[in-house]
2 protein chains.
Amino acid sequence: MKTEIPYKMYLTEEETPRYWYNVKAHMKNAHAPFIDPATQLPCTKEQLSTVFCEDCVDQELDDTNEYIQIPEPILEFYRMFRPSPLVRAYFLERLLDTPAEIYYKFEGNNTSGSHKLNSAAAQAYYAKKQGLKSITTETGAGQWGTALAMAAAFYGLDLDVFMVKVSSQQKPYRKEVIRTYGANVIPSPSDTTNAGRKILKEYPETGGSLGCAISEAVEKAVTSESCRYVLGSVLDHVILHQTVMGLECKTALDKYNVTPDIIIGCVGGGSNFGGLIAPYMGERLQGKNEVDFVGVEPKSCPTLTRGKFVYDYCDSAKMTPLAQMYTLGCGFMPSPNHAGGLRYHGMSPIVSKLYHEGFMRAVAVEQSKVFEAAVTFAKCEGILPAPESAHAIRVAVDEALKCKREGKKKTILFGLTGTGYFDLASYKLYNDGQMTDYIPTDEDLQKGFDTIPKCAVNEGLM
Amino acid sequence: MKTEIPYKMYLTEEETPRYWYNVKAHMKNAHAPFIDPATQLPCTKEQLSTVFCEDCVDQELDDTNEYIQIPEPILEFYRMFRPSPLVRAYFLERLLDTPAEIYYKFEGNNTSGSHKLNSAAAQAYYAKKQGLKSITTETGAGQWGTALAMAAAFYGLDLDVFMVKVSSQQKPYRKEVIRTYGANVIPSPSDTTNAGRKILKEYPETGGSLGCAISEAVEKAVTSESCRYVLGSVLDHVILHQTVMGLECKTALDKYNVTPDIIIGCVGGGSNFGGLIAPYMGERLQGKNEVDFVGVEPKSCPTLTRGKFVYDYCDSAKMTPLAQMYTLGCGFMPSPNHAGGLRYHGMSPIVSKLYHEGFMRAVAVEQSKVFEAAVTFAKCEGILPAPESAHAIRVAVDEALKCKREGKKKTILFGLTGTGYFDLASYKLYNDGQMTDYIPTDEDLQKGFDTIPKCAVNEGLM
């Protein structure tokens with residue numbers, strides 16, 4: 001056991017994980033299956049395989065194997081940008097004058113600027129292995145689109161990214177990174193799909209929506225034998241790929257005999273949080289630790305803290321299967337003043353189930369407080385965080401200050417998922433004192449809840 | 001000695017350099033001193049100290065001490081973003097199918113996005129140590145301004161950044177990063193200085209120039225007891241601080257018994273290149289190696305390959321002392337189609353002297369070829385490089401392909417100084433097939449040479 005903890009812990013190549021961790025293997029109650037809205041029956045492997053790559057579907061449905069081997073070509077790609085550093089936040093601790101020990105896993109040191117590349121690498125490889133020629137996805141802010149473009153370039157796959165039209169106009173540089181990696185960026189709605197053409201006919205001036213972009217990407221995938229759809233969060237196999245973060249953390253901390261008391265991550269679709277906590281949650285489910293797991297979400301999109309645990313569509317266009325999850329309703333739209341991601345109406349079924357069964361808690365925070373923490377962090381730790389990641393920083397700071405008030409020396413680990421280099425319009429609002437907060441009223445939320453499907457599985461009929 | 005070389009080499013905290021390396025200690029002929037244009041006599045320490053921090057002036061004038069200790073507070077700041085990775089470019093080697101071994105030192109993994117932070121950290125510390133309240137500088141594209149803002153925030157100094165007005169308008173996000181770190185960004189020319197007011201009176205609609213921004217920053221420094229001016233390149237003490245890169249490389253490569261045959265870096269003001277090569281150049285000057293040192297510059301701003309080795313002003317406003325260096329003339333303006341940095345008319349006196357005495361060579365490249373190499377590199381190594389850094393990539397690729405043609409197994413090391421996240425307008429031009437090249441004619445260059453001062457030191461009268 002080593003005793004002195006350095007500022008940054010990098011695993012050697014020999015120490016890096018060779019397996020992903022499947023937390024479902026230790027969940028006593030598996031989350032409920034996807035339901036085909038047409039038949040109200042669980043989706044079959046065959047149904048899912050028309051949309052997703054075969055290996056991903058196998059992983060999606062695997063509730064039993066604790067460790068899933070990472071194929072060598074993915075390990076090779078991981079070597080390009082992993083291992084990521086686990087950082088001891090000595091500067092932040094000093095600034096807060098807290099007895100707490102603070103650690104963060106930093107996933108922003110790659111050109112996609114976030115952890116998204118962990119799953120993009122895997123899904124692109126499986127598409128290549130299956131003999132596919134192309135993959136397709138949607139992107140809003142562009143982080144996921146960039147990650148997938150990097151992965152597609154690495155494995156030599158064609159990629160169509162349906163980018164919400166208004167985003168592609170407002171974030172021309174995000175679009176340009178994706179293009180630099182050779183992917184085709186299609187502002188959505190487009191005239192390349194039936195779904196796009198239908199929307200364009202009805203609303204010729206629309207700036208598009210993530211729901212519409214998903215519909216276009218899924219249509220593109222299901223209408224071509226050599227193309228599949230790739231999703232950047234929410235699904236079990238995406239969380240599985242993201243466990244590489246949690247496993248690296250655990251290996252590094254175990255070397256120094258450190259066990260976190262609290263693990264904090266932001267939650268949008270849930271893949272970063274799910275991946276970060278997985279190995280520790282696996283132990284918790286087996287009664288081997290009592291870690292306090294905290295998912296942090298925006299008060300303006302309070303999926304866990306104020307949502308309903310029901311079956312809902314994964315997209316706003318109601319094209320996907322139904323998933324049992326915490327949701328604000330597939331028609332929920334976050335307020336226009338919401339900065340950054342974490343705007344998804346639903347939540348990973350794994351994270352939803354763990355939350356529903358009391359194995360974790362959730363905290364909702366206001367974005368002005370989030371940016372305040374972000375700027376404090378940037379100045380003392382030298383990294384300008386993504387607004388999403390700053391949600392975790394906010395709660396880590398709050399927990400460290402609580403330790404100070406209570407004179408407790410807790411060990412805090414949080415996920416710093418990415419950098420904010422493409423979010424400077426939001427930082428400008430904050431710097432100019434013009435950032436506003438928004439907390440939806442119950443009536444506001446009810447509008448979203450009204451879009452939850454009234455179906456047999458939700459009516460207790462199945 | 002270790003034998004298997006990993007993808008990424010990170011030094012441990014114990015292995016990181018505690019000293020900077022002063023290459024001047026082994027230069028048989030020190031470069032010529034700065035000259036006061038008014039008296040035509042060498043600048044005194046006192047003169048320089050009205051502009052720069054005292055410790056920096058001491059370092060500037062130190063031609064004898066080989067190692068200069070890095071003060072502990074700077075080492076602490078370095079721990080925030082250093083050590084940087086030394087990467088074995090296995091993916092690039094495979095793509096090129098070359099027998100060459102390629103390594104690069106990657107300095108872009110910090111929020112300033114470049115190596116500039118190495119000297120910003122040092123200079124801000126020395127200002128603080130001297131009891132100053134504030135520092136000031138100019139910035140064009142914004143990389144240096146960001147680095148200094150980070151350092152000023154860390155040490156608790158006020159910072160005024162005079163940012164070329166047209167840049168602050170064209171790159172609002174760069175400006176915003178600087179503001180986020182608490183610095184004051186003043187579009188230049190401004191009405192806060194005599195120099196700025198004079199220009200504004202003559203040219204009320206001007207977009208500003210780096211020359212004018214330097215004049216404003218220097219005026220601000222010399223007219224205040226508690227403020228000094230801080231420069232991001234060119235000077236000996238800046239190169240000294242940048243030697244941390246070269247020292248980290250050498251420590252890492254020595255562990256694996258690797259000696260570079262070629263070391264390649266881009267050259268603008270020369271601080272990145274000078275810092276990267278320093279420890280190897282020190283050996284070369286002592287006859288201990290025969291490394292091939294290659295400085296890469298744009299064909300559109302060919303300071304070393306087509307410039308004159310004379311005394312010239314360091315700024316275009318002719319406010320600074322005269323330095324003996326390669327120069328295109330202080331009035332030289334690069335063509336408007338020039339992307340990114342490396343647009344300085346002069347060159348570090350150290351690098352100029354080494355080049356003049358034949359200890360290194362220089363290569364000039366066209367920017368379309370540079371961006372071609374940049375995109376190839378981004379796709380296979382996963383890092384979107386800054387246009388400046390991509391100049392080094394271009395020549396590293398060319399050298400590796402030469403090794404392939406000649407069947408030679410050389411070891412190539414190059415400096416990857418930064419990331420291109422704020423240069424996507426240039427990438428867009430390239431992606432759209434609209435990037436153009438420019439090679440100045442002899443007549444074009446003559447216009448710049450005509451601005452070189454006709455003074456005693458240049459007329460052979462002194």
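This is a short tour of a predicted model, stop by stop.

**Before you start**

Residues are numbered from 1 along each chain as its sequence is written, and chains are lettered from A and ligands numbered from 1 in the order in which they are written. In this predicted model, local features need pLDDT of at least 70, side-chain atom pairs count only at pLDDT 80 or more, and totals for chains, interfaces and linings use all residues, while side-chain values use heavy atoms, with hydrogens and water left out.

**Stop 1: both chains**

Show chains A and B together. A rotation of 180° with 0.0 Å of shift along its axis lays chain A on chain B, with an RMSD of 0.0 Å. (Copies are superposed by least squares on the C-alpha atoms of residues with pLDDT of at least 70 in both.) That is how a two-fold axis relates copies. Now select Asn109(A). In chain A its C-alpha is the nearest to the axis, at 3.0 Å. The same surface serves both copies: 100% of the contact residues of chain A recur in chain B. Contact means heavy atoms within 4.5 Å.

**Stop 2: the sheet in chain A**

Helices (H or I, at least four residues) and strands (E, at least two) are DSSP runs, numbered from the N terminus. Two strands pair if DSSP finds at least two bridges between them. Seven strands of chain A form an open sheet, in the order S1-S6-S7-S17-S12-S13-S16, with mixed pairing. Select 8-9 and 361-365 in chain A: these are the edge strands S1 and S16, and each pairs on one side only.

Next, select S7, residues 101-106 of chain A. Are its residues buried or exposed? Six of its six residues are buried, that is, under 20% relative accessible area (exposed is over 50%, partly exposed in between; 1.4 Å probe, protein chains only). In a regular strand the side chains alternate between the two faces of the sheet. Here Glu101(A), Tyr103(A) and Lys105(A) point one way, and Ile102(A), Tyr104(A) and Phe106(A) the other.

Add S6, residues 86-88 of chain A: S6 and S7 pair in the antiparallel sense over three bridges. Leu86(A) has Lys105(A) as its bridge partner, and Val87(A) has Tyr104(A). Then add S17, residues 411-416 of chain A, which runs parallel to S7(A) and is joined to it by six bridges. Phe106(A) stands opposite Leu416(A) there.

**Stop 3: helix H15 in chain A**

Select 367-381 in chain A. The 15 residues of helix H15 should span 21 Å at 1.5 Å a residue, and the end C-alpha atoms are 20 Å apart, which agrees. (The expected span is 1.5 Å times one less than the number of residues.) H15(A) is mostly covered, with 11 of its 15 residues buried. Among them are Val370(A), Phe371(A) and Phe377(A). Just after the helix, Gly382(A) takes a positive phi of about 80°.

**Stop 4: unusual backbone**

Most residues other than glycine have a negative phi, and most peptide bonds are trans. Select Ser188(A) and Pro189(A): a cis peptide bond joins them, with omega about 5°. Pro189(A) lies in the loop between strand S10 (184-188) and helix H9 (194-202) of chain A. In chain B, Ser188(B) and Pro189(B) are also joined by a cis peptide bond, with omega about 10°.

Finish at Gln40(B), a residue other than glycine with a positive phi, near 65°. Gln40(B) sits in the loop between strands S3 (35-36) and S4 (41-42) of chain B. Its relative accessibility is 16%, so Gln40(B) counts as buried.
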